[in-house]
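Here are some notes for a colleague who is opening this structure for the first time. Please keep the sequence and the model side by side while reading the points below.

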Amino acid sequence: MILAKLAYKSLLNRRASVFLTLFTIAISVMLLLSIERVRVDAKSSFSNTISGTDLIVGARTGDIQLLLASVFRIGHTNNGVSWQSYEYITNQRGVKWSIPISLGDSHKGQAVLGTTLDYFEHYRFAKKQNLSFNQGHPFLNINEVVLGSNVANKLGYKLGDHIVISHGMGNTSFHHHDDNPFKVVGILNPTGTPVDKTLHIPLAAIDLIHARASTKHDEHDEHDEHDEHDEHDEHDEHDEHDDLIGHPKQITAFLMGFKSPLYTLQIRRNINQYKQEALLGIMPTVTLKELWQMLAIVEKTLQLFSAIVVLVSLLGMLTTLLANLSQRRRELAILRSVGARPWQLFTLISIESLLTTLLGCLVGCALFYLVMYLGAGYLQSHAGISVNIAMLSYYELTLIGVIMVAGFIIGLVPATRAYFYSLSDGMSIKT
């Protein structure tokens, strides 16, 4: 107890240098815990980019290719799914809900997704969170559009604005459907998923605007035809309009939810053996894990960065302790002169390094929770990472324990030097 009290007062006497050492350890602990928590939660959020969906069905291609195209809007599928096949599959026993989606158009580099109102009701992200509206409401008419939060913020759109859809994905547009503008009626809250970068329009509008573009092209070729033909064509167009609303010709893919996991496996097998079309059914949770394994190098890089940060901080503490040891020669001489043994000096220096490491870890934990609390909203809205601000996990506590042990071992170096330093300098007292 006397040595512990003496170590405490010694630290207070050298509070400037001790504070710098403590602050360095605290920052390293904060970074280590933050990187580890973000790494774990990023993996969890990545797996939950789409949540609550049991099956994704599209044209037969690779599992990851279908997932990237339908969920992340990356790449494209070579073929689509006929509406007849969609209706047949979704009418099977055990299907709880389904969401048809159609891709292939864009607006200023942002993906356009054609779907139904079921999308806003059943689509889930993160830990089964449902989509919510920051402004407005879902589309109710065929010429209305709902924007993701990123689209609205980046392009400066607000409710009531009119936008024009272009044919083609990404920044490459092959045709602008400027004869069929869409009115913004809703803006979604941030999700941190590809939903934020997507424009959502009624499924029927996808085929309708393409049909109008085709009709417009034909009318341009037959420019000399007059009113009777025009009225007849207009009548046919209205008939086609009504037909497309009820029965789109083709969709890119569709999402499904089932009443029981047993139905998922059964219907997935039937889809992969479907004879009318070459279709593929994938379970998004399984495919997301496969995709994350391909990105394992990122996870390992984060862990390596964490280890380097901690190592640098501990080496910094060692440097500070050794530098202070030279300045404490007079103090050690006084302690030896009043009867302190070499092992007592050894213990004193060890206790000081242990206390410094302990305080650094405690402050680091406090900073970690502060950073997580302040950054949780930003990570969710901009990176799609849902941070879990909870008690430290067993693994995280183990990491802190490793730092404590490493700090104690680092402290043994100056403690050992102090043990022999006092003797070699002739400061020992004969008894």
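1. The model is a predicted one, and a useful place to begin is helix H9, whose buried residues are covered by elements that include strand S1 (55-59), helix H4 (83-90), strand S3 (95-107), strand S15 (253-258) and strand S16 (279-282).

2. The residues buried in H9 are Thr264, Ile267 and Ile271. Looking down the axis of H9, one finds its buried residues within an arc of 85°, so they line one face of the helix.

3. The length of H9 (residues 261-272) can also be checked, because at 1.5 Å a residue its 12 residues should span 16 Å, and the end C-alpha atoms are 17 Å apart, which agrees.

4. On the surface, a nonpolar patch is formed by Met294, Leu295, Ile297, Val298 and Leu302, which together have about 450 Å² of accessible area. Helix H11 (residues 296-327) contributes the largest share of this patch, with 3 residues.

5. Is methionine 294, a member of that patch, buried or exposed? Its relative accessible area is 56%, and because exposed means over 50%, methionine 294 counts as exposed. This residue lies in helix H10 (residues 284-294).

6. For the protein as a whole, there are 14 helices and 16 strands, and buried residues account for 45% of the 431 residues. Of the contacts between residues at least 6 apart in sequence, 79% join residues at least 24 apart. The accessible surface comes to about 22700 Å², and 59% of that surface belongs to carbon and sulfur atoms.

Note on methods
Residues are numbered from 1 along each chain as its sequence is written. This is a predicted model: local features need pLDDT of at least 70, side-chain atom pairs count only at pLDDT 80 or more; totals for chains, interfaces and linings use all residues. Side-chain values use heavy atoms; hydrogens and water are left out. Patches are made of residues with over 30% relative accessible area and no salt bridge: like charges are joined within 9 Å, nonpolar side chains (Val, Leu, Ile, Met, Phe, Trp, Tyr) within 5 Å. Accessible areas come from the Shrake-Rupley method with a 1.4 Å probe; for residues, only the protein chains shown count as cover. A salt bridge is a side-chain nitrogen of Lys or Arg within 4 Å of a carboxyl oxygen of Asp or Glu. Helices (H or I, at least four residues) and strands (E, at least two) are DSSP runs, numbered from the N terminus. Buried means under 20% relative accessible area, exposed over 50%, partly exposed in between (1.4 Å probe, protein chains only). The expected span of a helix is 1.5 Å times one less than its number of residues. The arc is that of the directions from the helix axis to the C-beta atoms. Contact means heavy atoms within 4.5 Å.
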